[in-house]
Amino acid sequence: MKILILDGNPVSENTEFPDYLSELKQKVNPGNQLEIVQLSAQDLKSCTGCWSCWWKTPGHCAVKDDAQAILKQVIESDLVIFASPIIAGFTSALLKMITDRFVILALPYIKMVQNESHHYMRYEDTPKLAVLLQKEELTDAEDIEIISDIYDRIALNFSSKIEFVKSMDEYKAEEVAHVISTL
């Protein structure tokens with residue numbers, strides 16, 4: 001299985017987060033290919049909402065940055081894990097920025113899913129999705145529920161599903177690696 005972790009940790013002083021991801025990488029079954037993309041080290045810009053990726057240059061973003069290469073990795077993966085410390089009750093702005101750019105992976109055409117309008121995907125196969133979080137001091141169950149709900153919606157829009165939402169504060173890297181091995 002090809003696994004991609006989108007590391008949304010924006011704070012270089014938070015060494016616990018990358019240490020956990022490194023340990024997870026070591027614990028994942030060696031038959032899997034796991035890559036971690038540290039979003040803070042990438043040249044990423046926000047989606048401008050120009051819709052060029054749908055109308056002018058289908059499948060290609062007008063914004064020139066590292067997102068195009070990351071999105072290629074996303075669509076080529078079997079599992080994409082959104083990893084982020086919780087900051088002010090939600091995932092990092094870096095993770096939100098790349099997630100907003102997922103629009104390029106959809107087509108402008110509409111279909112009905114669960115009595116809602118959703119876009120057809122540009123690619124036949126989409127990866128499974130998961131969320132890995134690091135709680136902040138005041139994180140509560142409602143924060144986790146809101147994050148889970150938002151990522152469930154992202155998965156629905158992506159013609160996929162969320163396989164798990166785990167907190168690195170509650171699950172050791174080997175436990176998350178075991179969950180990954182069952183997918």
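Me: Which residue is joined to Asp 65 by a polar contact of its side chain?
Reply: In this predicted model, local features need pLDDT of at least 70, side-chain atom pairs count only at pLDDT 80 or more, and totals for chains, interfaces and linings use all residues. Residues are numbered from 1 along each chain as its sequence is written, and side-chain values use heavy atoms, with hydrogens and water left out. A polar contact is a pair of N or O atoms within 3.5 Å; within protein, one must be able to donate a hydrogen and the other to accept it, and residues adjacent in sequence count only if both atoms are side-chain atoms. At 2.7 Å, the side chain of Asp 65 has such a contact with that of Arg 101.

Me: Is Asp 65 buried or exposed?
Reply: Buried means under 20% relative accessible area, exposed over 50%, and partly exposed in between (1.4 Å probe, protein chains only). Because its relative accessibility is 14%, Asp 65 counts as buried.

Me: How is the aromatic pair of Phe 82 and Phe 102 classed, and what is the angle between the planes?
Reply: Rings of Phe, Tyr and Trp (its six-membered ring) pair if their centres lie within 6.5 Å; planes under 30 degrees apart count as stacked, over 60 as edge-to-face and the rest as tilted. The centres of Phe 82 and Phe 102 are 5.9 Å apart, and the pair is tilted, with an angle of 40 degrees.

Me: Which residues form one aromatic cluster with Phe 82?
Reply: Phe 82 is itself buried, with a relative accessible area of 0%. The cluster joins Phe 82 with Phe 90, Phe 102, Tyr 151 and Phe 158.
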